[in-house]
Structure formats: structure tokens, C-alpha cells
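Dear colleague,

I am passing on a structure that I have been going through, and I would be glad if you could look at it alongside the notes below.

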Amino acid sequence: MTRSLPPKVSAAQFDRALAGWRSIVGEAQVVTSAAGLAAYLDPFAPGEREAFSASAALLPASVDEIRAVLRIANQFRIPLWTVSTGRNSAYGDHAATQCGMEVVLANGDVLRTGMGGIEIGTAWQLYQPGYGPSFDAMFMQSNYGIVTKLGVWLMPAPPAYLLGEIQFRHEADLETIVERLRPLRLDETIRNNAVIEGGLRRAAGLSARQQWYEGKGAMPENAVAAMLDKLNVGRWNLHFALYGTPELIDARYAIVQRAFARVPQAKLLATRYAGDAQPTAGGDRNLAGIPAMSAFRMLDWRGGAGAHVDFAPVCPATGRDALRQYTMVKTRAAEYGFDYYGGFTAGVRHLHHIFAAIFDRDDANQVEQAGALLRSLMSDARAAGYGEYRAHLAYMDFAAAQYSFNDGALLRLSETIKDALDPNGILAPGKQGIWPAAWRDRRGYT
């Protein structure tokens, strides 16, 4: 691997910065070897993996070390991209249960949000708003600071729980599913983020595409239908959980049964567990609070060097909108030769629609088509009044550009804040499309 230097930084300047960082965190905590940096490459990068390669990796062990690292980054104007050990391997609205942060700003200043602003505060992780403006959300999906502590409210372990699945046979059932599910989320009959899983997504966890279809382009409908019948998988598969005492679960389950009883050919499956019991292996272990890696079987779907890039628009929790988005995404994906691998995660008043374009990263044409598809989908979504809530690094600028109300007033505000908090632009320039003044000429580049 050819040595990669940070933009606008000479080799001599970078060597001096590395020496300074080694004096702070130790020789072993500054990674510069090709073998060491390989672990920081994006395995699913759409295009040249090296386009997102790091020049070095720093592993500070304390807030004081982070502050010292930032001092050198500011001195040499070297951008830093912070990463954590998160693996995104569980369901749930984690942002809603977050309360209180400790953040290191680009200038090394350390702040605690909310009630943490009191030196010996006792309610830091108990009361979200705090006194005056609330800042926690500002440090989510942004590049304004480095979060070093974060409070999360945990769900009390229930005395019992039920894991349920309802299989639906027809594509058009999606509209009914969402309409019947929304009241159950609003009144908290179903408290977790229920998942409406597309049939092909479920099948990809059980088999490989070549078992059912070896032709080019998206799988034809007759092949999809035959596959789902053979695997005994629904066209849509609703996964939900109920928590509480056995009596409460029985009452809530009866409500769920009534809600979906009149959907033709719907098949309801459910298993009850004591609070300390673990379910059998499978994706629904997530609903029992046990992270699972089963979703990554998707990478074997098309064979080759499996990779994926996601399109994730927010959808109002109405059947009409869900069916509209699904049809729009499925149709466009087929035009580019991709199967509809997706589904919806149901919040209370909205749905997270998550579609994955699965491709062989060693196939240049598939890589190119996946990128073109993502840009088309983002444009389609904006034209229909929808927007993404997250995007891959390669598409962050394009995704941000869709939020164009009042000639991009939201992005102007974000960049005004960025310039105030990080005048040298050292923290993740370009993340979420937010570029500091010093790097703004690179907008649109990967």
C-alpha cells in the first residue's frame, strides 16, 4: 500500500505530527503500517477502497490524551475522523434513550451536556433537557465534537417476554400491515421497534441466490414466489416482541391477534419465554436484547466478494406511503439489475425504510451500478417528498443536497456552527455533508 498523506499536508509535516502523537499515546498506539491500517478500510466501499483509506490510526486512552491529540491536529491542520467499536447489531431507538454526554470540542475544551453541567450533578443521566438549550442531539450525526461519555437508559429486564412473527402472503399486504401496526405502536401494545421484513431479505438469511435464479438482472417474480413457497417464508414477515408479566403479555397478544386476524392468509407464530430464558438462534434474538450477526448472511446472497450499500429513507407510518416507497425502490432497483432486499423498521409515527443494494465488490460493473442506483433513489425520494436519515461516506454530499429548503438553509446553519466550533476544520470534514470553511472546496469529492 502506497503511503497516504492527509490532504494539504507534506510528508515532513506529517512525520512531525506523528512524532508528537507518539509522545502522547505511545508508539504502539499510533498505527501507520499497511497491515495495521488495513483493519480501518471499509470492506464495503463502493469503488476504490483506498479512496477512504486512513493515513494513520491513533488510539488515545483518556480524555487528556484526546485533548493533546487535538492540539497537534490543530497545529498541523490535519483532519481526524473519529470511530467507535459500534457494530450496529441490535434493533431499537437508541437515540430516544440517550441522556447526557461528555464531549471534547475541536479546541480541546471539555463539556458535559444537560444536568452534567453541574460539577457534582446527580441527575446527569436522568433528565434529558437540562437547563437552557439542549445540545445532545447536536453531537449525533455531526462533526462538532468527540463524544467521550454517553448515558443510555436501559430497559429493565422483563419477568417474561414473547417473540412473535406474522407471515403475509401478498405484496399488497404491506399497506394493511402498516395501518394495523401503527395503532399498536401508538398505544404501546407493541413497545419495541417492530420489523416488517421483505421476503427476499428473509430468504437471503436461509439460502443463496443461485439456488433459485442464475440469470442476470433482478430475480423475476415467478422465481421469487417459488423461493418463498419452498422456504415457507412470507412475502412480508412482521417481527415483534411483547414484554412484561405473563398476564400483561396475554392481554397484549390478544390485541395483536385481533388486529391482524382478518388479513387473508396471514400466519401468526409466537413463542413465550421466562425473563431469564434465551431464545433459539436466529435474527429475533435481537428482540430479546441479544445482538446477533445473522443479518450479515446477506453478503453471501449474490456470491463473490459480497458487499452492500444502503438506501435508508424515512417514511411516514401510513400504508399508502410504505407501499409507495416500496414500489418506487423495487422498480428502480430492478432497472439497475438489483433485487429488492429490504424492509421497514416501525417507530411510533414513522418507518425506517432500509434497502440494501448487494453487490460483488470485485465486479466493477456491479460496483458502478450500485452507486448509480443510490443516487437515483435519493433523487426519486426527494421528488416524492422523502429524505434519507443516513448515507455512506461516498454519498453524504449528495444526500445533504436533497435537503434544499430555502436554498439549503439547514446546511448553511450546520456549517455556520461548524466554523464556530472547529475553525481549523480538523474534525471529520464533510461528514453528513458538513464542510468547514477550510475544506469547503472539496464538497462532492470522496
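What follows is a description of one sheet and of two helix pairs.

Please keep in mind throughout that this is a predicted model.

I begin with the sheet, which is open and consists of 3 strands in the order 4-3-5, with antiparallel pairing. Its edges are formed by strand 4, residues 110–112, and strand 5, residues 145–152, each of which pairs on one side only. If direction is ignored, neighbouring strands of this sheet are turned against each other by 15 degrees on average. Strand 3, which covers residues 98–105, is joined to strand 4 in the antiparallel sense over 3 bridges, and within this part of the sheet Val103 has Leu111 of strand 4 as its bridge partner. Helix 3, residues 63–76, packs on the sheet and touches strand 3, strand 4 and strand 5, while its direction makes about 45 degrees with that of strand 3.

Helix 3 also takes part in one of the helix pairs. The axis of helix 1, residues 11–25, comes within 10 Å of the axis of helix 3, and the two cross at roughly 170 degrees. Because angles over 145 degrees count as roughly antiparallel, helix 1 and helix 3 are therefore roughly antiparallel to each other. Their crossing is right-handed. On the side of helix 1 the contact is made by Gln13, Arg16, Ala17, Gly20, Trp21, Ile24 and Val25, and on the side of helix 3 by Glu65, Ala68, Val69, Arg71, Ile72, Ala73 and Phe76. Sorted by class, this contact of helix 1 with helix 3 has 9 nonpolar, 2 polar and 3 charged residues.

The other pair is made up of helix 8, residues 319–335, and helix 9, residues 364–383, whose axes come within 10 Å and cross at roughly 150 degrees. That angle makes helix 8 roughly antiparallel to helix 9, and helix 8 passes helix 9 in a right-handed crossing. Helix 8 contributes Met328, Val329, Arg332 and Ala333 to the contact, whereas helix 9 contributes Leu373, Ser376, Leu377, Asp380 and Ala381. By class, the contact of helix 8 with helix 9 has 6 nonpolar residues, together with 1 polar and 2 charged residues.

With best regards

Terms used:
Residues numbered from 1 in each chain as written. Predicted model: local features only at pLDDT ≥ 70, side-chain atom pairs only at ≥ 80, totals over all residues. Heavy atoms only, no water. Axes fitted to C-alpha atoms, helices over the stretch in contact; angles between N-to-C directions. Helix = DSSP H or I, 4+ residues; strand = E, 2+ residues; numbered from the N terminus. Parallel < 35°, antiparallel > 145°, perpendicular 65-115°, else oblique. Left-handed = near helix turned anticlockwise from the far one by under 90°. Contact = heavy atoms within 4.5 Å. Nonpolar A, V, L, I, M, F, W, Y, C, P; charged D, E, K, R; others polar. Pairing = 2+ DSSP bridges.
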